[in-house]
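The following note sets out several points on the structure shown below. They concern salt bridges, helices and backbone geometry.

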Amino acid sequence: MEDPVSDFLTTLTGRGIRIREEGGQSVIDAFLQPGEIEDSLLRIEKHLEDLVQMGLHDGLSRQEVKELPEEDWMAVFRAQHTAVRVSDRLVVRPTWCEPTGEREIVIDPGMAFGTGSHATTRMCLALLDKCLGDRVPGRMFDLGTGSGILAIAGAHLGIGDILAVDIDAMAVDVATRNVMGNDADARVRVEEGGIEAARGPYDLITANISASLLKRMAADITRHLGPGGCVILSGILEDEEAEVLGEFIRCGLKVEQVMKDKVWVAALLIKQ
């Protein structure tokens with residue numbers, strides 16, 4: 001349950017969270033201002049009820065609220081986010097960490113999804129590195145770019161023409177700043193939009209979005225993929241794997257590799 005609950009609390013509070021173990025149980029700390037507590041607790045209860053309905057939660061968790069003394073929460077937040085190796089050739093780090101001297105993607109945790117800490121992002125980056133091991137595609141389309149991390153990774157690994165899109169205007173703004181901050185703007189264009197913005201054929205398409213969207217867009221994604229092209233998918237829960245990948249197989253793609261991390265699945269597929 002750590003991933004869905006942590007993601008929800010991060011979005012709800014707009015602040016960092018802390019995950020720790022206590023008495024053999026997983027404890028997730030979220031930080032609220034005094035005036036937010038009542039409304040936030042109701043939202044958390046509703047989210048936990050939804051997880052029970054989806055079969056992701058046994059309903060045995062409990063909430064505790066306690067007042068904390070003033071502390072430098074930014075220092076706490078920064079201490080929780082350090083450089084992360086996401087593949088053989090890529091390291092993701094926030095700006096406050098010292099450079100590692102390796103091929104880096106520099107992204108601060110913020111409003112848009114994708115900092116290398118979530119399982120789906122890590123797996124997509126690992127598959128991206130693998131996909132680009134033998135040859136470097138000429139064109140890439142990143143659907144639901146979030147922070148822009150996959151597009152930036154593609155640029156750092158040598159892809160010359162990348163279009164990154166997101167329907168969220170805030171994500172587009174964040175991704176644009178991240179692309180420029182990583183000196184990738186000569187290779188990456190960021191636009192507001194969805195699959196309709198694709199101008200294929202592409203050699204590589206990445207989509208770390210929800211399973212329901214992947215199923216609905218399977219035919220369009222496949223149509224914009226060139227012969228021999230690769231698709232990297234994630235945002236898929238274990239119990240959604242067969243249905244999502246089945247849609248892409250019916251569209252003529254072959255599953256090359258599947259990765260799993262806790263409840264999450266990512267896949268690399270190839271167009272025959």
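1. The coordinates are a predicted model, and the remarks here should be read accordingly. Asp-50 makes a salt bridge to Lys-46, with 3.0 Å between the closest N and O atoms. Both residues belong to helix H2 (residues 37-53), where they are four residues apart, about one turn of the helix. An α-helix has 3.6 residues a turn, so residues three or four places apart point the same way. Asp-50 counts as partly exposed because its relative accessibility is 30%. Lys-46 is likewise partly exposed, at a relative accessible area of 45%.

2. Across the whole structure, a search finds 20 salt bridges. One of them joins the side chains of Arg-89 and Asp-129, at 2.6 Å from N to O. This pair links distant parts of the chain, 40 residues apart: Arg-89 sits in the loop between strand S3 (84-85) and strand S4 (91-93), whereas Asp-129 is in helix H4. The two partners should be described separately in terms of burial. Arg-89 has 31% relative accessibility and counts as partly exposed; Asp-129, at 7%, counts as buried.

3. Helix H4 also takes part in a salt bridge through Arg-122, whose side chain meets that of Asp-261 at 2.8 Å, N to O. Asp-261 is in strand S11 (residues 253-261) and Arg-122 is in H4, so the pair ties together parts that are 139 residues apart in sequence. Arg-122 is classed as partly exposed because its relative accessibility is 25%, and the cut-off for buried is under 20%.

4. What span should the 13 residues of helix H4 (residues 119-131) have at 1.5 Å a residue? The expected value is 18 Å, and the end C-alpha atoms are 18 Å apart, which agrees. Of these 13 residues, 10 are buried, so H4 is largely enclosed by the rest of the structure. The buried set consists of Ala-119, Thr-120, Thr-121, Met-123, Cys-124, Leu-125, Leu-127, Leu-128, Asp-129 and Cys-131.

5. Helix H5 (residues 149-156) is also largely enclosed by the rest of the structure, because seven of its eight residues are buried. These are Ile-149, Leu-150, Ala-151, Ile-152, Ala-153, Gly-154 and Ala-155. After H5 comes Gly-158, with a positive phi near 110°.

6. The packing of H7 and H8 merits a separate entry. Two packed helices are described by the angle between their axes and the distance between the axes. The axes of helix H7 (residues 211-223) and helix H8 (residues 241-250) come within 9 Å and cross at roughly 10°. H7 is therefore roughly parallel to H8, since angles under 35 degrees count as roughly parallel. On the H7 side, the contact is made by Ala-211, Leu-214, Lys-215, Ala-218, Ile-221 and Thr-222; on the H8 side, by Glu-243, Val-244, Glu-247 and Phe-248. Classified by type, this contact comprises six nonpolar, one polar and three charged residues.

7. A network of salt bridges links Arg-139, Asp-161, Arg-189, Glu-191 and Arg-199.

8. Some backbone details deserve inspection. The peptide bond joining Gly-200 and Pro-201 is cis, with omega about 10°. Pro-201 lies in the loop between strand S8 (188-192) and strand S9 (202-208). Where do positive phi values occur in a residue other than glycine? One case is Asp-183, with phi near 55°, in the loop between helix H6 (169-181) and S8. Asp-183 counts as exposed because its relative accessibility is 69%. Another is Lys-262, which is not a glycine and has a positive phi of about 55°. Lys-262 is in the loop between S11 and strand S12 (264-271), and its relative accessible area of 55% makes it exposed.

9. A final point concerns Glu-102, in the loop between S4 and strand S5 (104-106). Which residues does Glu-102 touch, not counting residues up to four places away in sequence? They are Arg-85 and Val-91. The C-alpha atoms of Glu-102 and Val-91 are 7.0 Å apart, while the two residues are 11 residues apart in sequence. Glu-102 counts as partly exposed, with a relative accessibility of 41%.

Technical notes
Residues are numbered from 1 along each chain as its sequence is written. This is a predicted model: local features need pLDDT of at least 70, side-chain atom pairs count only at pLDDT 80 or more; totals for chains, interfaces and linings use all residues. Side-chain values use heavy atoms; hydrogens and water are left out. Axes are lines fitted to C-alpha atoms, for helices over the stretch in contact, and angles run from 0 to 180 degrees between N-to-C directions. Helices (H or I, at least four residues) and strands (E, at least two) are DSSP runs, numbered from the N terminus. Angles under 35 degrees count as roughly parallel, over 145 as roughly antiparallel, 65 to 115 as roughly perpendicular and the rest as oblique. Contact means heavy atoms within 4.5 Å. Ala, Val, Leu, Ile, Met, Phe, Trp, Tyr, Cys and Pro count as nonpolar, Asp, Glu, Lys and Arg as charged, and the others, Gly among them, as polar. The expected span of a helix is 1.5 Å times one less than its number of residues. Buried means under 20% relative accessible area, exposed over 50%, partly exposed in between (1.4 Å probe, protein chains only). A salt bridge is a side-chain nitrogen of Lys or Arg within 4 Å of a carboxyl oxygen of Asp or Glu.
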